[in-house]
Amino acid sequence: MTPALRRMYAIFQKDMKDVSKNMYISTTALTPLILAVFYGQMDDIPVDMYYFIINFTFAIVAVFVQAAIIAEEKEKNTLRGLMLSPASVGEILIGKSLLTLAFTGITLALSIFLVGYEIPNVPVIVAALFISVLFYTALGTLLGLLTKTVMEASVALLPVMFVFGFTPLIDAVINQYSALSFLEYMPNMQLVDLAFQMEAGGGFAEAWQPLLIITAWFAAALAAAWIVYTKRMTDS
């Protein structure tokens, strides 16, 4: 194992220990799982309802867990020490994201199974879900860097959960107010649009644009998190 991998693995192990002691963080997965069980009992679930659960999982698990991990480091005044360690910015950000990625992936897989969603065009949908989880993890990193405590991160999560988690509500707003049609380019809305196209038998020709838009959101969130992180490194 290279020194970089050892440092990232050490960060991952530390986060696992910290999260295992914090039930407030580790139980966040229960909400989307409960929703998945509830909706899984229904007949003829529409596609957008499946993706309500998926997007809600991203918002409440990926964003919050990542934000809480970063905010807790700041709350304990240990993030500064990590910044001054031999680990590079990339190693730290990847290491701090590994637990969130694993936790979200497991929760998402269980939610999809419990709700009974049969994924059409598996390679395309899995690629979209993977890029999406990267975006929400980067967003969670940014949120954690901009807040000072886990409680503050919890409050900051509310608008994020509303905008990115409650996709049917955003869709209703777009349908009612045409001036807000630009919201269709949000990553959660693009994921739903992609799902409908795949359900209709679409392939990569229909998938490349939504995938590109979601990737652009990830790149923007990662760049913002990187800039804020490096700024924190130079702050006294």
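Is asparagine 121 buried, exposed or partly exposed? In this predicted model, asparagine 121 has a relative accessibility of 29%, so it counts as partly exposed, since buried would require under 20% and exposed over 50%. To find it, look at the loop that runs between helix H6 (89–115) and helix H7 (122–146). The backbone deserves a glance here too. Most residues other than glycine have a negative phi. Asparagine 121, however, has a positive phi, near 45 degrees.

Let us turn to the aromatic rings. The structure holds 12 aromatic pairs. One of them joins phenylalanine 52 and phenylalanine 56, whose ring centres are 5.9 Å apart and whose planes meet at 35 degrees, so this pair is tilted; the angle falls between the 30 degrees that bounds stacked pairs and the 60 degrees beyond which pairs are edge-to-face. Both residues belong to helix H4 (residues 47–75), where four residues, about one turn of the helix, separate them. Phenylalanine 52 is buried, at 9% relative accessibility, and phenylalanine 56 is buried as well, at 6%.

Another pair brings two helices into the picture. Tyrosine 136 and phenylalanine 164 have ring centres 5.8 Å apart and planes at 90 degrees, so their arrangement is edge-to-face. Because tyrosine 136 sits in helix H7 and phenylalanine 164 in helix H8 (residues 150–165), the pair ties together parts that are 28 residues apart in sequence. Tyrosine 136 and phenylalanine 164 are both buried.

From here you can step out to the surrounding rings: tyrosine 136 and phenylalanine 164 belong to a cluster, linked by ring pairs, that also takes in Phe58, Phe135 and Trp217.

How values were computed
Residues are numbered from 1 along each chain as its sequence is written. This is a predicted model: local features need pLDDT of at least 70, side-chain atom pairs count only at pLDDT 80 or more; totals for chains, interfaces and linings use all residues. Side-chain values use heavy atoms; hydrogens and water are left out. Buried means under 20% relative accessible area, exposed over 50%, partly exposed in between (1.4 Å probe, protein chains only). Rings of Phe, Tyr and Trp (its six-membered ring) pair if their centres lie within 6.5 Å; planes under 30 degrees apart count as stacked, over 60 as edge-to-face and the rest as tilted.
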